[in-house]
Amino acid sequence: MRSAAVAMARDDERAGMVARLESNGYVRSARVRDAMLKVERHLFLPEDVSQDAYRDSPLPIGHGQTISAPHMVAMMAELLAPQPGQKILEVGSGTGYHAAVMAELVGADGLVATIERVRELAGACRANLARAGYPGVLVIEGDGALGYPERAPYDCILAACAARKIPDALLEQLADGGRLAITVGGGHY
């Protein structure tokens, strides 16, 4: 009985988070709203911070990294507007939450490939995605600045990390008419 009550409480917390994101203008489309309502962010967090899963803030995931704040995930999803069947490349997998939201948006006929440079986080990402019901997301351990040419071109590329400049490899792997979302200025690459 307790687990059903906990699940309902988590569902309520997630619905509240999405409602706040909508009222603040971050979630603007029904598709992004529905994807964020479906993906259980607490499944992508270390146990010691999972109680804060539905706060709109980045949270530590270990190895000096954070999971993006939900409003950032919503902003990128709205900006890129991935459609069913499209191919997405994400740079900076973290623990997999953003990739799961993108997988909801592209559906079973689409592809989400996500690259993580920290081995332990790539492993956590794979495990979290499988546990949350997204085993089809391709998780690559490697240097995100190099992209993943094996599945290019991509309709959308997003970088969950900042870069000093846009890596040439990402531009080369973007499909004609494709969209790229990346923070430029500072960062790792």
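The following conversation goes through the sheet, the helices, the salt bridges and one arginine of a predicted model.

Biologist: Before we start, what kind of model is this?

Modeller: It is a predicted model.

Biologist: Let us begin with the sheet. How many strands form it, and in what order?

Modeller: The sheet is open and has five strands, arranged in the order 5-4-3-6-7 with parallel pairing.

Biologist: What holds strands together in a sheet, in general?

Modeller: Strands of a sheet pair through backbone hydrogen bonds, and the pairing can be parallel or antiparallel.

Biologist: Which strands stand at the edges here?

Modeller: Strand 5, residues 138-141, and strand 7, residues 174-184, stand at the edges. Each has a single partner strand, so one side of each has no neighbour in the sheet.

Biologist: What is the average twist from one strand to the next?

Modeller: The twist averages 15° from one strand to the next.

Biologist: How many bridges join strand 4 to strand 5?

Modeller: Four bridges join strand 4, residues 111-116, to strand 5, and the two strands run parallel. As one example, T114 has V139 of strand 5 as its bridge partner.

Biologist: Which strands does helix 4 touch where it packs on the sheet?

Modeller: Helix 4 touches strand 3 (87-91), strand 4 and strand 6 (154-163). The direction of helix 4 makes about 165° with that of strand 4.

Biologist: And what does helix 5 touch?

Modeller: Helix 5, residues 119-132, also packs on the sheet, where it touches strand 4 and strand 5. Its direction makes about 170° with that of strand 5.

Biologist: Back to helix 4. How do the axes of helix 3 and helix 4 cross?

Modeller: The axes of helix 3 (residues 70-80) and helix 4 (residues 97-106) come within 11 Å and cross at roughly 35°. The crossing is right-handed.

Biologist: Which residues make that contact?

Modeller: Helix 3 contributes V73, M76 and A77, while helix 4 contributes Y97, H98, V101, M102 and L105. Of the residues in this contact, seven are nonpolar, one is polar and none is charged.

Biologist: New topic. How many salt bridges does a search of the whole structure find?

Modeller: The search finds six salt bridges. One of them joins the side chains of E22 and R33, at 3.8 Å from N to O. E22 lies in helix 1 (residues 2-23) and R33 in helix 2 (residues 30-38), 11 residues apart, so the pair links distant parts of the chain.

Biologist: Why does E22 count as partly exposed?

Modeller: E22 counts as partly exposed because its relative accessibility is 34%, which falls between the limits of 20% and 50%. R33 also counts as partly exposed, at 27%.

Biologist: Which other salt bridge involves R33?

Modeller: The side chains of R33 and D34 meet in a salt bridge of 3.2 Å, N to O. D34 is partly exposed, with a relative accessible area of 41%. Through shared partners, the salt bridges join E22, R33 and D34 into one network.

Biologist: What is the partner of R55?

Modeller: R55 forms a salt bridge with D52, and their closest N and O atoms are 3.4 Å apart. At 43% relative accessibility, R55 counts as partly exposed.

Biologist: Finally, is R10 buried or exposed?

Modeller: R10, which is found in helix 1, is buried, with a relative accessible area of 15%.

Biologist: Which residues does R10 touch?

Modeller: Leaving aside residues up to four places away in sequence, R10 touches H42, S50, Q51, A53 and Y54.

Conventions. Residues numbered from 1 in each chain as written. Predicted model: local features only at pLDDT ≥ 70, side-chain atom pairs only at ≥ 80, totals over all residues. Heavy atoms only, no water. Axes fitted to C-alpha atoms, helices over the stretch in contact; angles between N-to-C directions. Left-handed = near helix turned anticlockwise from the far one by under 90°. Contact = heavy atoms within 4.5 Å. Nonpolar A, V, L, I, M, F, W, Y, C, P; charged D, E, K, R; others polar. Pairing = 2+ DSSP bridges. Salt bridge = Lys/Arg side-chain N within 4 Å of Asp/Glu carboxyl O. Buried < 20%, exposed > 50% of the residue type's maximum accessible area, 1.4 Å probe, protein only.
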